[in-house]
Amino acid sequence: MSGSSANMSDMDPTKMGIGRSIAVLTSGGDAQGMNAAVRATVRVGLYTGAKVYFVHEGYQGLVDGGDNIRPATWESVSMMLQLGGTVIGSARCKDFRNREGRMQAACNLVKLGITNLCVIGGDGSLTGANQFRTEWSSLLVDLVRAGKITDVEAKRSSHLNIVGMVGSIDNDFCGTDMTIGTDSALHRIIEVVDAITTTAQSHQRTFILEVMGRHCGYLALVTALSCGADWVFIPEMPPDEGWEEHLCRRLADQRARGSRLNVIIVAEGAMSRDGKPITSDQIKKLVTDRLGFDTRTTVLGHVQRGGTPSAFDRILGSRMGVEAVMALLEATPDTPACVVSLSGNQAIRLPLMECVQVTKDVTAAMSEGRFEDAIKLRGKSFENNWNTYKLLAHINPPDVKVRTNHLLNHDSNINVAIMNIGAPCAGMNAAVRSAVRMGIIQGHNMLAVHDGFDGLAHGQIEPITWTEVSGWTGKGGSMLGTKRTLPGKLMEEISLNIARHNIHALVIIGGFEAYVGGLELVQAREKYEELCIPMVVIPATVSNNVPGSDFSVGADTALNTITSTCDRIKQSAAGTKRRVFIIETMGGYCGYLATMAGMAAGADAAYIYEDKFSIRDLEANVEHLVEKMKTTVKRGLILRNENCNANYTTDFIFNLYSEEGKGVFDCRKNVLGHMQQGGTPTPFDRNFGTKMGAKSVLWLTEKLKECYRHGRIFANTPDSACVLGMRKRALTFQPLADLKEETDFEHRIPKTQWWVKIRPIMKILAKYDIKLDTSEHADMEHVIKKRSPIMKTAEK
């Protein structure tokens, strides 16, 4: 593919699709975010000059043809971003399974000159698409023979290109970190879990929740991590023999420790070691009979497929749609059918059949009882989730004082302090909880520091226990209390308190202030020996502006808050017609929230500091809206980051639009303010915070062993004070000192930010005539290479 994309990138992207036709269909079970993918495919297809068709009712529509295959226009995909399910319909189709059906489908496509097919669905739908593609030439031969199409028509459509996007709430497709719909399904599940938690606590009940996912335990596993469940049953890793005893002992222990609530999560495909299903009713009977606990079961069912797509799924769908169109237009008869997917924050292309093969390998591994393999084949993200869950869940705190001390050869325990710095954000508490518990499991004493560096300087430090942090995962804000104060002026008091409380390591959870504060502590090490202890900074801020990490805890929650507000505002604007809303978002100088919310809410423009704009650009945007009001889509949405420009304030932009739009549209403005820092954390932030908290303490434990000299801890190397960040595809530790180069301290942002590259997508989807940079194209990657070691062990 690299060969073909090299010459493609010299081409003008707005002419790439001229003379080509693309059809888009959704098939199999519906998933939230499919509409975002359809919308992006249509708009980007039209942007490249291609003709785009909707295929209604999935493969059934492809076979039935006629009115089911209709040209798509720009306006026809408007207002669909916030709708769940699939607007163009999906159907399970028997006809497409047999050759006559596929022949009819081929005939319908040839007649319309469509040779590019974009399929959004699960593994079954994508396998069907690939079969269709491999048979294509022989289907055409038969059609010519039967006199259904002419030789000329057959020549014109000699080859069918296929690209897939995985739409499935189960996240059961190998090779993709997240399938379209998974995040939204987690949102639905977590809403229910939070609601049930409050009633269960009132009555001291045990709740058993059954979640969907067919043969994949992803939803169950992430739910268990995100709500701190007592137990999870997933098909990939059945419980050990005698799990009944273990489960009951565990629930009884939790009760004895004062927990008023037990939560057990069951995946619908859960089974025991011998392959028999484990059902929620079975578990309920067990708990009721053996422990006499008041137990209730809730089967979530189709609620999980419903509702509005989360911000993540909308952005995922939109980015995949763009990549899918590019993959189709760059494909040659020799490139294998591919799926576009996301790995970390990179758009990638993978050979469809390799992914299907690995997905089948998982099922095989499970049925042959090779459960460790099944978890590995599910991919890195699944494996990390499972490992974190195992570490945090299956341990009874009092019996775990396997102290690090015998490694450190002396009696006083290791004390690890945890603090929150900067503005509060959702997910901070999840990070604190998992850090505290992981520390206790490692045998450390955990200390909570209240109110940031102020608290560290004034001695607001106290021990924090296992039970104190229970239920913290789902709580918004900062339970420890947080302040923006930097440590610079308080160094003397801080070092005294570190000595007084005998603190051996520090976990700093917060935003840009946490990063700068960490740097100040490191710089003060020369003067104060007490500061020569290992430290780790976990980025947690709605602004997502901490150097060393592509994402920070809390940004996803804020993004969803902004997006759902924009949805409501758009609805109001659609009702009144000819109305433009100007919305100001937070983020300091960082344009992440404005850009991503712009993509998720379908904004016409997002003004940010990183992407400089002038009065000419503002005029162009106004003209663009004046043109838009002539179409059927008579509303506009403009986002403005709070610090994007000191002179072009929200009021200025509002006044400019109001004046220039006189007689065509009227304006309203809305400053979202602090609601962006509040709210219950989203599943992503709970899970991300949990993983970061656990990983940071494991790293500190290793560092403490390295830094132990002559009966005490002494850490003064640059790599003993790090930022734990998400970089492209992995969690990495980077020395605070090394990140100085990458930081714009005046504007409190990293000098290069990955998301700036995807800004053009938002503009194209809003119908701006701009150039999409096609040079950075995702080349085809491979999943199969990961299989070899496992295959060897399997053969042994």
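A crossover is right-handed if, with the strands pointing away from the viewer, the path from the first strand over the helix to the second runs clockwise. Keep that in mind for Exercise 1. The model is predicted.

**Exercise 1. Strand E20 and its neighbours**

Find which elements make a β-α-β unit with E20, and give the hand of that unit.

Solution.
- Step 1. Take strand E19 (residues 605-607), which runs parallel to E20 and is joined to E20 by 3 bridges. Ala605 has Ile638 in E20 as its bridge partner.
- Step 2. Add helix H22 (residues 615-628): E19, H22 and E20 form a β-α-β unit, and the unit is right-handed.
- Step 3. Look at another partner. Strand E18 (residues 579-585) pairs with E20 in the parallel sense, over 7 bridges. Here Glu584 has Arg640 in E20 as its bridge partner.

**Exercise 2. The two sides of E20**

Sort the residues of E20 by the way they point, and decide whether they are buried or exposed.

Solution.
- Step 1. Recall the general pattern: in a regular strand, side chains alternate between the two faces of the sheet.
- Step 2. Arg635, Leu637, Leu639 and Asn641 point one way from E20. Gly636, Ile638 and Arg640 point the other way.
- Step 3. Both sets are buried. The count for E20 (residues 635-641) is 7 of 7 residues buried.

**Exercise 3. An open sheet and its edge**

Trace the order of the 7 strands in the open sheet, then examine its E11 end.

Solution.
- Step 1. The order is E3-E2-E1-E4-E5-E10-E11, with mixed pairing.
- Step 2. The edge strands are E3 (69-71) and E11 (346-351), and each pairs on one side only. From one strand to the next, the twist averages 25°.
- Step 3. At the E11 end, E10 (residues 338-343) pairs with E11 in the antiparallel sense, over 6 bridges. Cys338 stands opposite Pro351 in E11. Ser343 stands opposite Gln346 in E11.
- Step 4. The hairpin of E10 and E11 has 2 residues between the strands, and Gly344 takes a positive phi near 65°.
- Step 5. Helix H12 (residues 352-367) lies across E10 and E11, at about 85° to E11.

**Exercise 4. Arg349**

Decide whether Arg349 is buried or exposed, and name the side chains with which its side chain makes polar contacts.

Solution.
- Step 1. Place the residue: Arg349 is in strand E11.
- Step 2. Apply the cut-off: buried means under 20% relative accessible area. Arg349 has 0% relative accessibility, so Arg349 counts as buried.
- Step 3. Find the polar contacts. The side chain of Arg349 makes one with the side chain of Glu323, at 2.8 Å. Another, of 3.1 Å, joins the side chains of Arg349 and Glu330.

**Exercise 5. Two helices**

Classify the packing of helix H11 (residues 311-330) and helix H21 (residues 592-601) by angle.

Solution.
- Step 1. The helices pack at about 80°, and their axes are 8 Å apart.
- Step 2. Angles of 65 to 115 degrees count as roughly perpendicular. Therefore H11 is roughly perpendicular to H21.
- Step 3. Name the residues that meet. H11 brings Ala311, Arg314, Ile315, Ser318 and Arg319; H21 brings Met596, Met599, Ala600 and Ala601.

**Exercise 6. Gly663**

Locate Gly663 and decide whether Gly663 is buried or exposed.

Solution.
- Step 1. Gly663 lies in the loop between helix H23 (650-660) and strand E21 (666-671).
- Step 2. Exposed means over 50% relative accessible area. Gly663 has 85%, so Gly663 is exposed.
- Step 3. Check the distance to Arg578. The two residues are 85 residues apart along the chain, and their C-alpha atoms are separated by 9.6 Å.

Methods:
Residues are numbered from 1 along each chain as its sequence is written. This is a predicted model: local features need pLDDT of at least 70, side-chain atom pairs count only at pLDDT 80 or more; totals for chains, interfaces and linings use all residues. Side-chain values use heavy atoms; hydrogens and water are left out. Two strands pair if DSSP finds at least two bridges between them. Helices (H or I, at least four residues) and strands (E, at least two) are DSSP runs, numbered from the N terminus. Axes are lines fitted to C-alpha atoms, for helices over the stretch in contact, and angles run from 0 to 180 degrees between N-to-C directions. Contact means heavy atoms within 4.5 Å. Buried means under 20% relative accessible area, exposed over 50%, partly exposed in between (1.4 Å probe, protein chains only). A polar contact is a pair of N or O atoms within 3.5 Å; within protein, one must be able to donate a hydrogen and the other to accept it, and residues adjacent in sequence count only if both atoms are side-chain atoms. Angles under 35 degrees count as roughly parallel, over 145 as roughly antiparallel, 65 to 115 as roughly perpendicular and the rest as oblique.
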